[in-house]
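Hi,

Here is the structure I promised to pass on. Have a look at it first, and then read my notes below.

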Amino acid sequence: MKIKKILVSQPQPTTEKSPYSELADKYGLKLEFRPFIKVEGVTAKEFRQERINILEHTGIIFTSRTAIDHFFRICQEMRIVVPDTMKYFCISEAAAFYLQKYIVYRKRKIFYGDKKVDDMTKILLKHKTEKFLVPLSDIHKENIPGLLDQLKLKYTKAILYKTVASDLSDIKDLHEYDIVAFYTPSGIKSLFQNYPDFEQKELAIAAFGPATAVAVEEAGLRLDIKAPTQQCPSMTMALEDYIKRYNKENKVK
């Protein structure tokens, strides 16, 4: 027996040459990419149920481009005109520049860090009198809200988009693959939403990140491949390590 087919629960890489393509070429693998989860915006009706008045806030904290897209989408849907005086605080320079898609950049008050919480601490403390709005997904990290709590700043969390399971009904049997690689706990949740009677059997499961590994084990599944580790800091390295060991044990030349 030989490992021939791997399903990666992520979008396909945009570049032809990627660590995945190199892995496929090296071991003669067939790789398929299929996101198990997708992002959907909350509706205007759902947002109204949160009872949040955007215009009561004087600063918006953006943690991603997705957050930016859904903030301006909901404003458009609800016919909210964001005043020119609104201040924007972004986790990175790239996110700040992305604002140009929606506002005249040079005419707005925009501040950004370098992807580090410490940078945001300095910036936010300089604007501690603002009332902040933090657009988030229903599943989100608590690093920014936690920082705001720590700094004792006024803020409101606004759930503007949510992570939902993709429709995988066209994949009739996951056992046509030798390995399925997961990157998020939501991917494991999607697995059972799509295949309620799923049994792992001989299918190898790979997990990236400690939270994903915990989700695999809590679901009663066998975790065969774990990344990152000291020896294998990337998913592709972990997959290669597993393939080498598997081939050796099964005497594949």
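**What I found**

Let me start with one residue: Glu 40 comes out at 34% relative accessibility, so it counts as partly exposed. Its salt-bridge partner is Lys 38, with the closest N and O atoms 3.8 Å apart. Lys 38 is partly exposed as well, at a relative accessible area of 40%. Before you go further, please keep in mind that this is a predicted model.

**The overall picture**

The protein has 253 residues, and 44% of them count as buried. Its secondary structure comes to 9 helices and 11 strands. If you want a feel for the dimensions, the C-alpha trace spans about 65 × 35 × 35 Å along its principal axes. Take the contacts between residues at least 6 apart in sequence: 68% of those join residues at least 24 apart.

**Salt bridges**

How many salt bridges does the count come to? There are 14, and the pair I opened with, Glu 40 and Lys 38, forms a salt bridge too. Here are a few others to click on.

Glu 56 forms a salt bridge with Lys 131, and the closest N and O atoms there are 3.8 Å apart. Glu 56 sits in the loop between α2 (44-48) and β4 (59-62), while Lys 131 belongs to strand β7 (residues 131-137), so this pair ties together parts that are 75 residues apart in sequence. How accessible are the two? Glu 56 is partly exposed at 46% relative accessibility, and Lys 131 is partly exposed with a relative accessible area of 31%.

Then there is Glu 142, which forms a salt bridge with Lys 157; the closest N and O atoms are 3.1 Å apart. Glu 142 is in the loop between β7 and α6 (143-150) and Lys 157 is in strand β8 (residues 154-165), so the parts tied together here are 15 residues apart in sequence. Both ends are again on the list of partly exposed residues: Glu 142 at 44% relative accessibility, and Lys 157 with a relative accessible area of 32%.

There is a network to look up as well: salt bridges link Lys 5, Lys 30, Glu 32 and Glu 176.

**Pockets**

Now for the empty space. The largest pocket has a volume of about 520 Å³. It is lined by 19 residues, and those closest to its centre are Ser 137, Ile 139, His 140, Lys 141 and Tyr 161. Which elements give two or more residues to this lining? They are β3 (37-41), β7, α6, β8 and α7 (185-194). The biggest contributor is α6, with 3 residues. By residue type, the lining of the largest pocket divides into 9 nonpolar, 9 polar and 1 charged.

The second largest pocket holds about 230 Å³ of space. Of its 13 lining residues, Met 1, Asp 178, Glu 202, Leu 203 and Tyr 246 are the closest to the centre. The lining of the second largest pocket divides into 7 nonpolar, 1 polar and 5 charged residues.

**Nonpolar cores**

The largest nonpolar core has 26 residues, and the ones that touch the most other members are Phe 47, Phe 62, Phe 71, Phe 72, Tyr 88 and Leu 99. Where do the members come from? At least two residues each are supplied by β4, α3 (65-77), β5, α4 (93-98) and β8. The largest share, 6 residues, comes from α3.

Tyr 88 is a good place to zoom in. Leaving out residues up to four places away in sequence, Tyr 88 touches Ile 60, Phe 62, Phe 72, Val 82, Leu 99, Ile 103, Arg 108, Lys 109, Ile 110 and Phe 111. Apart from this core lies another one, of 24 residues, including Ile 3, Ile 6, Ile 225 and Ala 227.

**One lysine to look at**

Last of all, try Lys 87, in strand β5 (residues 87-90). Is Lys 87 buried or exposed? Its relative accessible area is 15%, and since the cut-off for buried is under 20%, Lys 87 counts as buried. Leaving out residues up to four places away in sequence, Lys 87 touches Thr 58, Gly 59, Ile 60, Lys 109, Phe 111, His 127 and Glu 130.

Happy browsing!

Definitions and conventions: Residues numbered from 1 in each chain as written. Predicted model: local features only at pLDDT ≥ 70, side-chain atom pairs only at ≥ 80, totals over all residues. Heavy atoms only, no water. Salt bridge = Lys/Arg side-chain N within 4 Å of Asp/Glu carboxyl O. Buried < 20%, exposed > 50% of the residue type's maximum accessible area, 1.4 Å probe, protein only. Helix = DSSP H or I, 4+ residues; strand = E, 2+ residues; numbered from the N terminus. 1 Å grid on protein atoms, 1.4 Å probe; cavity = no way out; pocket = protein on both sides within 12 Å on 5 of 7 lines; lining within 4 Å. Points joined across faces, edges and corners; volume = space filled by probe spheres on them. Nonpolar A, V, L, I, M, F, W, Y, C, P; charged D, E, K, R; others polar. Contact = heavy atoms within 4.5 Å. Core = buried A, V, L, I, M, F, W, Y, C linked by side-chain atoms within 4.5 Å.
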